[in-house]
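Please open the model in your viewer and keep the selection panel at hand, since each stop below begins with a set of residues to pick.

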Amino acid sequence: MLVLSFVLGLLAFGGVNCDEHGANAVTFTSDTFEDSVPLKPHFVMFFAPWCGHCKRLSPTWDDLGKKYNSQESTEVVIGKVDCTQHTALCSSQDVTGYPTLKLFAKGVEGGVKYRGPRDLASLERFIAEQLGTEVEDDGQAAVPDAHAGLIEFTDATFKTVVATGNHFIKFYAPWCGHCQRLAPTWDILAKTFEHDKSVTIGKLDCTKYREICTEYEVKGYPTLLWIEEGKKMEKYSGDRSHGDLKAFVAKMLGDEAGKKKEDEDADGPRSPVVVLTTENFENAIEQGYTFVKFFAPWCGHCKRMAPTYDELGRKFVGHDKVKIAKVDCTQEINRGLCSQQKVNGFPTLFLYKGGEQISEYTGDRSLDDMVTFVTSHLGHDEL
């Protein structure tokens, strides 16, 4: 019983045994296992130090041990057995692969193998089911963290969330240089679709959740996957600019404007429409005529109008008196500008001359009608 007293002493101080396979889990030998398990329920990981799956489970197992072994009157002891050192014990427990997780509620002969997902929430639910207790539910497993529209997935949230709906997910490694360079653009992409309920923009750290990355056949970083109803539909292999990524999302959502890379918020050299912000707006409209579309990326009317508006931009390319421009009113930098210009709906089309607003376009949104509107203010009908 001296050994038993030692084990219980470990529990009183948090069960800490500092190795890489669950520092807060109690390390058992053949002798201590036989003595301790009959006293109260035990949830034990049978592992091998060289096992990759065991190493990946280790942080979660450590969290489990930290939560349960630190309680004075814990309902279950979280433990571990190194099967490379205690082969007879592991053999007697029918351990045929690593890691094997077994919960012992009725002594050493009453172990039940755990075969579910290896995230913290699932492990806790299994404990509660086996012991007939209620698992503490803080809702975190069902609702992943989101920062400015970007969902940061874990093994506890990934499968639940992606099981329904559309998801564009970056699978990455923190040490990956390409991933680091993409990160700011990916954050902006998430912000762009923050209020669009038809898609989520997310990321998953493959150094932490390798099983998920393996399941989705991630073989390099970053890998950008479009997932629908839990199934991988397409791997993105295009340019990683903000405009190209947005166009891809629009295409996958069935937006024809996006398919043509002429979606409402497309930027870069492909678009003949000048992108204006609060910082360049006054200078842009100061001379000549400037026809400005104030829009929101989520606006359906704006999306349908986008290809035609780009064609309008092409009509006036090189014209020394006319600029065709647009302002995204959902961008934080532009909200004050849109309010100042009295934009009350999307899209709103204003014509400016010499820095002053002279007319609002309320006609048909066909190319011919918009061309006629602009040229009529120039005093002639032809370009």
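A residue is called buried here when its relative accessible area is under 20%, computed with a 1.4 Å probe on protein chains only. Keep in mind throughout that this is a predicted model.

Begin by selecting strand β13, residues 289-295, where seven of the seven residues are buried, so the strand is largely enclosed by the rest of the structure. In a regular strand the side chains alternate between the two faces of the sheet. Colour the two sides of β13 separately and you will find both covered, with Y289, F291, K293 and F295 buried on one side, and T290, V292 and F294 buried on the other.

Next, add strand β14, residues 322-328, which runs parallel to β13 and is joined to it by seven bridges; within this pairing, V292 has A325 of β14 as its bridge partner. If you then show helix α12, residues 300-315, you will have the whole of a right-handed β-α-β unit, made by β13, α12 and β14.

Now select strand β15, residues 348-353, which pairs with β13 in the antiparallel sense over six bridges, and look for L351 of β15, which stands opposite F291.

For the last stop, move to helix α3, residues 52-69, and helix α5, residues 120-131, whose axes come within 10 Å and cross at roughly 50 degrees. That angle makes α3 oblique to α5, and their crossing is right-handed. To display the contact itself, select T60, W61, D63, L64, K67 and Y68 of α3 together with L120, L123, E124 and I127 of α5.

Definitions and conventions: Residues numbered from 1 in each chain as written. Predicted model: local features only at pLDDT ≥ 70, side-chain atom pairs only at ≥ 80, totals over all residues. Heavy atoms only, no water. Buried < 20%, exposed > 50% of the residue type's maximum accessible area, 1.4 Å probe, protein only. Helix = DSSP H or I, 4+ residues; strand = E, 2+ residues; numbered from the N terminus. Pairing = 2+ DSSP bridges. Right-handed = clockwise from strand over helix to strand, strands pointing away. Axes fitted to C-alpha atoms, helices over the stretch in contact; angles between N-to-C directions. Parallel < 35°, antiparallel > 145°, perpendicular 65-115°, else oblique. Left-handed = near helix turned anticlockwise from the far one by under 90°. Contact = heavy atoms within 4.5 Å.
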